[in-house]
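Work through the exercises below with the sequence and the 3D view side by side. Try each task before reading its solution.

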Amino acid sequence: MSILDRINKENDIKKISMSDMPELASDIRAYMLANVSRTGGHLASNLGTVELTMALHIAMNLPEDKIVFDVGHQSYTHKILTGRKDDFYKLRQYGGMSGFPKSCESPCDAFNTGHSSTSISAALGLAKARDLSGGNERIAAVIGDGSLTGGMAYEALDQLADLRSNCLIILNDNEMSISPNVGGLSDSLSRFRVGQSYNELKSHVENALLDIPSVGRKMAKGIKKSKDSIKNLMIPGTIFGEMGLTYIGPIDGHDIEGMVEIFEDAFKLNRPVIVHVKTVKGKGYRIAERYPEYFHGIGPFDIETGRAKRSKSGSSYTDVFSKTLLKFGEKNHKIVAITAAMSRGTGVRAFQKAHPERTFDVGIAEQHALTFAAGLAKGGMIPVVAIYSSFLQRGYDQLLHDVCLQNLHVIVMIDRSGLVGEDGETHNGIYDTAYLRSIPNLTVIAPRGAKDLENAFEYALGYDGPVAIKYPKGLACTKYEDKITRFVEGRSEVVNFSSLVGESSSKKLAIIAVGGMFQTAMEVRGRIRNATNYEPQVVNIRFINPLDVERIQETVKDFDVVAVIEEAVQRGSVGEAVGYQMAMCGATSKLLHFCIKEETVQHGSVKKLREVLGLDEDSIYEAIMKELV
């Protein structure tokens, strides 16, 4: 029986002796590795925070006390320690356990998180609610050094210092966010590791001691053991001290007993305290320690080699953008690339390696990224901001206020548009159609495949104004490229076919497809063509903003049944706009709208989610056939 078998609910860890904690940590890592290798997940960050999470659980009583995890992708150990280890076989699977904190799963998940830099704000809110209600629960937030590059964290720290509420902030310093950290704060936290003054002092002291006969070597050995104390004297904790916050650290984030003692003492101070904890991302799994960025978020993989288990081959939309950016960037030296700590995930890495002087990683600062791009555009450059759809939500005001109202030539490449899958509701990019269509001066393009994406980018380069190009996660469609047409501003692409049985049947059905759903539309069209005498027309809407009103009105007036297929929420969608145009022109055709009716979509594979939402090929085909018979 392993020690982990004795952990079945929250606070069971308190029954384990401190001497057995290293073995428990090892059990947790082995259990985590075995499960994540099958399901995929955020591995490196969770391996690095095992002891840190254990120490918090020992020092606190859950669920009365509250732990808020920034982002939340490092909460696997927390879930194991709160009675959910038996659910790990369905981690991130549809109907299974989320990879992020979810209060609907357990009262021990104090606050739902999924995006960066929110934990201090949430923890402060919980702490102030406790103060106002006369409670005495302990509140802690765990935030990575990468998340501190987000401005929201500093807004929260500023108020935390002002309100003086008892709240523990754990700064988990592993030198990584998703991509390696950048910026002044990262430099500040790093200087003590490599600072000349510290290293010279350490070297001089050790050399001097070694020259002392008999006892010198023993004294030098003792100094080496206490070198962290020297670091503590030199780290720039004044960053937080000048804000009025008590700073402790850095301390070893893998020393459970030491952390428990410091956490308990910090809570007794009855004021806001920041404890700087040093951890190793990927700890305990050699390959993840060596390649922490690769193992930040990974699909199923082979434990022995660390290699992903891939079932399909081909280029993703991200790969296509990466090659396209590099191709046009070689020709046009005004092109600059901007990423928010996601150079690898968004496909900017290749351009960054080739043109480091024209690539800017701003850290986890999406708002700054867009206004920075606006400034670059104002100065005559062509900035390309590569960002995930769910993270672009954080820069809505900057996109509207700083980029689009000034009609600046900024290109926003929106990756992960539509269903993202296993990361769930906080990461699905299903809202971008709605929030982008209302922005003035913004041209929004949804390419239908690999070649269309390249053509869209080339069009955006020559366009005088802001352009957003949105595309889904996964393999880029390369089918039907022989039928692709050139880009004409604001116009849809009509895929025309010769009629099989005359004009009347060819006017029976039109399918309007948006972006990545074009391939599904074409497959459905082929099945209907084979099963009936009807020859459906497929319209690739291509431009989401401005919409091709002329083509939409012609389509809804000419066809008996019009089906709109898109991977977006219903409100603010293209299908909703098609319905409006039907009313405007008095069309009487039947509108079928295949979209996401729910306001939130839980985690699961994209394939499974499409089936559940009725967006898979079979569901769409069957629903249309009912209207045709």
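The exercises go from the whole chain to one helix pair, then to single residues. The model is predicted.

**Exercise 1. The chain as a whole**

Task: State how many helices and strands the chain has, and what share of its residues is buried.

Solution:
- Step 1. Take the secondary structure. It comes to 27 helices and 17 strands.
- Step 2. Turn to burial. The chain has 629 residues, and 56% of them are buried.
- Step 3. Look at contacts between residues at least 6 apart in sequence. Of these, 76% join residues at least 24 apart.

**Exercise 2. A helix pair**

Task: Describe how α3 and α4 pack, starting from their axes.

Solution:
- Step 1. Choose the descriptors. Two packed helices are described by the angle between their axes and the distance between the axes.
- Step 2. Locate the helices. α3 spans residues 50–59 and α4 spans residues 76–84.
- Step 3. Read off the geometry. The axes come within 9 Å and cross at roughly 45°.
- Step 4. Classify the angle. It is neither under 35 degrees nor over 145, and it is outside 65 to 115. The two helices are therefore oblique to each other.
- Step 5. Assign the hand. The crossing of α3 and α4 is right-handed.
- Step 6. List the residues that meet. α3 supplies Val50, Thr53, Met54 and His57. α4 supplies Thr77, His78, Leu81 and Thr82.
- Step 7. Sort this contact by class. It has 3 nonpolar, 5 polar and no charged residues.

**Exercise 3. The setting of α3**

Task: Find which residues of α3 are buried, then place Met54 in its core.

Solution:
- Step 1. Go along the helix. Val50, Glu51, Leu52, Thr53, Met54, Ala55, Leu56, His57, Ile58 and Ala59 are buried.
- Step 2. Draw the conclusion. With 10 of the 10 residues of α3 buried, the helix is largely enclosed by the rest of the structure.
- Step 3. Move to the largest nonpolar core, which holds 53 residues. Met54, Leu56, Leu168 and Phe263 touch the most other members.
- Step 4. Trace the contacts of Met54 beyond four places in sequence. They are Ile13, Met21, Leu24, Ala25, Ile28, Thr77, Leu81 and Ile256.
- Step 5. Check for another core. A second, separate one has 49 residues, including Phe391, Ala510, Val539 and Phe559.

**Exercise 4. Three single residues**

Task: For Ile382, Thr426 and Arg542, decide on buried or partly exposed. Then give their surroundings.

Solution:
- Step 1. Recall the cut-off. Buried means under 20% relative accessible area.
- Step 2. Apply it to Ile382, in strand β8. Its value is 9%, so Ile382 is buried.
- Step 3. Find what Ile382 touches beyond four places in sequence: Asn332, Lys334, Ile335, Val336, His409, Ile411 and Leu461. Leu461 is 79 residues away along the chain, yet the C-alpha atoms are separated by 7.7 Å.
- Step 4. Take Thr426, in the loop between β9 and α20. At 22%, Thr426 counts as partly exposed.
- Step 5. Add the contacts of Thr426, again beyond four places: Lys102, Thr113, Gly114, His115 and Ser390. The C-alpha atoms of Thr426 and Val601 are separated by 8.9 Å, with the two residues 175 apart along the chain.
- Step 6. Finish with Arg542, in the loop between β14 and β15. At 1%, Arg542 counts as buried.
- Step 7. List some of the residues Arg542 touches, with those up to four places away not counted. Among them are Asp452, Arg486, Arg491 and Glu493.

How values were computed
Residues are numbered from 1 along each chain as its sequence is written. This is a predicted model: local features need pLDDT of at least 70, side-chain atom pairs count only at pLDDT 80 or more; totals for chains, interfaces and linings use all residues. Side-chain values use heavy atoms; hydrogens and water are left out. Axes are lines fitted to C-alpha atoms, for helices over the stretch in contact, and angles run from 0 to 180 degrees between N-to-C directions. Helices (H or I, at least four residues) and strands (E, at least two) are DSSP runs, numbered from the N terminus. A crossing is left-handed if the near helix is turned anticlockwise from the far one by less than a right angle, and right-handed if clockwise. Contact means heavy atoms within 4.5 Å. Ala, Val, Leu, Ile, Met, Phe, Trp, Tyr, Cys and Pro count as nonpolar, Asp, Glu, Lys and Arg as charged, and the others, Gly among them, as polar. A nonpolar core is a set of buried Ala, Val, Leu, Ile, Met, Phe, Trp, Tyr and Cys residues joined through side-chain atoms within 4.5 Å. Buried means under 20% relative accessible area, exposed over 50%, partly exposed in between (1.4 Å probe, protein chains only).
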